[in-house]
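User: Hello! I am new to this structure and would like to know what stands behind the words used for it. Could you take me through them?

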Amino acid sequence: MRKRLLGLIALFYIILNTTNAQPARSDSARMVWFDDAKFGIFIHWGIYSVKGVDESWSFFNGYTSHDSYLEQLKGFTASKYNPDSWANLIAESGARYAVLTSKHHDGVALWQVPDKGLNVVDNTPAGRNLIKPFVEAVRKKGIKVGLYYSLPDWSHPDYPLEARDTYRYKNDSLRFKKFLSIQRGQLMDLLTQFNPDLLWFDGDWEHSAKEWDASDIRKNLIEKSPNLIINSRLQGYGDYATPEQGLPVEKPKDRYWELCLTMNNSWGYQPTDNKYKSADQLIAILADCISMGGNLLLDIGPKEDGTIVKEQADILKDMGRWVKKHQKAIFGSRAGLPAGRFDGPTTFSSDGKTLYLFVPNHAYGWLPIKGLNKKITHVKLVGDGTNLDWYESGRAWWSETPGIYYIYLPESLRDSSMSVIAVHLK
Ligand code: GLC
């Protein structure tokens, strides 16, 4: 009798718990905003902007000593840091999310880490938390917040640095464990204090998933923040792929991906690097990314005082003009036609009823679309609304094979960067 009673109580307990259990958010539900956002701004801000050298890598690769690299701590002032003007600029660019480096491989955190490790509050003239005001300013504008976090910390005494010929230590699992628990503390603190929408890991290549305890990191983070999105650099435990610098030439296999890209050749502020891509080139790259179902995360590197140089601000503003005019074709869009069907990037609206053609400025006149096996109802120029002329040629009444559609873009109606045409389908 007692046994049966206990059994019944246990059964009740199980039923209660299963009905109360919070359904885990499916990956696709978590990824919705990211999938629709298409354009984000990456911000590399750290002490490397003082001398204008490579972030972290300059000492790792032996171009400068660790000591002289860290001297930059003394020059990092954030004296003109105005997060609202950053947020305004990001909003003006049309980007829907922004990712700030909370801590690069050099280990200098932009907030006061709970373990009292290197940070700009305690160790630089900036003397204050730089992440919080950023998060608040950006959120006010409706922009999603991402924080970059380097797994390796090349300045931490308990991190097994193996740069060039210098080994801090090798194969000391207890010491590495100590480091990992500090790291976990920092990560949880980032979530508690700033509640980011996205965590952008970097440097996972230095250790295996098992060594980092990557699956447990993920589990911990998602438990605390069920909507959090995590990039791929967590040794297989992320949500989306992050090709870097090289634009994929074929549609990546990953369902979600994001190209991270510098505006010139540097992530951080480097006054000697003037190799800026033009706004038009960047617009074309953005169009290529979304045409293949991905996002573009475009980087800026503020100066140590927190100002953003004119070259970078101008690029964002120029892109913003174009992005806003054509937002229908960008945000919430899905990958377009397979390569070879149209001479330019394309996207589909999420309901598949509109095909958007991105036409490089030098192209106009009769533009062919091949292999489109759907009937067109009408064609309009995006951001302008003009009806455009079109016809189908070469479709035989007895054949399933589509003909070629020709759409007429008058030279006078071209956008100065890239025109976008909405092809409405039956
Ligand atoms: C690289 C570099 C780093 C940069 C990052 C951005 O992995 O280590 O310096 O911050 O890419 O994608």
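Analyst: Gladly! Two strands pair if DSSP finds at least two bridges between them, and strands (E, at least two residues) and helices (H or I, at least four) are DSSP runs numbered from the N terminus. This is a predicted model, where local features need pLDDT of at least 70, side-chain atom pairs count only at pLDDT 80 or more, and totals for chains, interfaces and linings use all residues. Residues are numbered from 1 along each chain as its sequence is written, and side-chain values use heavy atoms, leaving out hydrogens and water.

User: What makes β10 and β11 partners in a sheet?

Analyst: Two bridges join β10 to β11 (residues 346–348), so the requirement of at least two is met. The strands run antiparallel, and A335 stands opposite T347 in β11. They belong to an open sheet of five strands in the order β10-β11-β12-β17-β14.

User: Why are β10 and β14 said to stand at the edges?

Analyst: Each has a single partner strand, so one side of β10 (334–335) and of β14 (376–381) is left without a neighbour in the sheet.

User: How do you know that β2 pairs with β3?

Analyst: Six bridges join β2 (residues 97–103) to β3 (residues 144–150), and at least two are needed, so they pair. These strands run parallel, with Y148 as the bridge partner of T101. Their sheet is open, with seven strands in the order β7-β6-β3-β2-β1-β9-β8.

User: Which strands does helix α10 touch?

Analyst: Helix α10 (residues 173–194) touches β2, β3 and β6 (198–202), where contact means heavy atoms within 4.5 Å.

User: What makes E55, H104 and E244 polar contacts of the ligand?

Analyst: A polar contact is a pair of N or O atoms within 3.5 Å; within protein, one must be able to donate a hydrogen and the other to accept it, and residues adjacent in sequence count only if both atoms are side-chain atoms. A polar side-chain atom lies from a ligand oxygen atom at 2.7 Å for E55, 2.8 Å for H104 and 3.0 Å for E244, so each pair falls within the limit.

Technical notes. Axes fitted to C-alpha atoms, helices over the stretch in contact; angles between N-to-C directions.
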